[in-house]
Amino acid sequence: MKTELWNGHQIRFVQVEEEWQSISKDIASALDYRDANNMLRHVSEKYKGTQKVSTLGGIQKMSTLTEFEIYKAIFNSHKKEVEQFQEWIFNIIKTLRTKSGLEGFEIFIQSLHPVRLNFMKANTVANKAVSNKFGFKKMVKKGEMTPQMLTEREHILEDIVNLMALQDKYGLNISISQTIYESANDKQPQPV
């Protein structure tokens, strides 16, 4: 077990397989929920569990939360101190989105129509493949690509999405990014 201090609150973590889970009661107290049960009623069953924890009163079964549910608890909290953490998460997400070449409105649309394909990964792989194909050592963002690069990117992105769908459908054991990068490096850019 590990104990971390946040804003004057001790939060205990227990290791469950390869993941650290927090004690629900500690998270509820730190985030000013009335009690852990109030916080847990909004938690999906797949993200919570119970673990035996050593306490001053002996071994007790306690509710635990996975990392995802900790984030949900933080976002549902009205405590003023969580705003900085929320902003930090928003900035991380925005950085990942911009590096993948997606526009802000594309993320919103994807969240309204969720699909199983990992579009952020597909966009990042497409950007890297096109950048490599055109001789750039670092990934060029979609907004900085030439019209010729954007044309190539569109075809590569379509191929990636199709490969991801086939990989998912047939359980293919291939590295899509490696396959695309090797293919893009083998072909020279076509003149427009």
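Long-range contacts take up a good part of the picture in this predicted model. Of the contacts in the protein chain with a separation of 6 or more, 46% join residues 24 or more positions apart. As for burial, 32% of the 192 residues count as buried. The protein chain exposes about 13200 Å² in total, and carbon and sulfur atoms supply 52% of that area.

On the secondary-structure side, the protein chain has eight helices and five strands. Going along the sequence, these elements come in the order β-β-β-α-α-β-β-α-α-α-α-α-α. In other words, three strands lead off, two helices follow, then come two strands, and the pattern finishes with a run of helices.

Now for one helix pair, α6 and α7. Helix α6 covers residues 119–133 and helix α7 covers residues 147–170. Their axes come within 9 Å and cross at roughly 135°. That angle is neither over 145 degrees, as roughly antiparallel would need, nor in the 65 to 115 range for roughly perpendicular, so α6 and α7 are oblique to each other. The crossing of α6 past α7 is right-handed.

On the α6 side, the contact is made by F119, A122, N123, V125, A126, N127, A129, V130, S131 and K133. Helix α7 answers with M149, E152, R153, I156, L157, I160, V161 and M164. Sorted by character, the residues of this contact split into twelve nonpolar, three polar and three charged. K133 of α6 is one of the charged residues, and E152 and R153 of α7 are also charged. The polar ones are N123, N127 and S131, which sit on α6.

Methods. Residues numbered from 1 in each chain as written. Predicted model: local features only at pLDDT ≥ 70, side-chain atom pairs only at ≥ 80, totals over all residues. Heavy atoms only, no water. Axes fitted to C-alpha atoms, helices over the stretch in contact; angles between N-to-C directions. Helix = DSSP H or I, 4+ residues; strand = E, 2+ residues; numbered from the N terminus. Parallel < 35°, antiparallel > 145°, perpendicular 65-115°, else oblique. Left-handed = near helix turned anticlockwise from the far one by under 90°. Contact = heavy atoms within 4.5 Å. Buried < 20%, exposed > 50% of the residue type's maximum accessible area, 1.4 Å probe, protein only. Areas by Shrake-Rupley, 256 points an atom, 1.4 Å probe, with all protein chains shown as cover.
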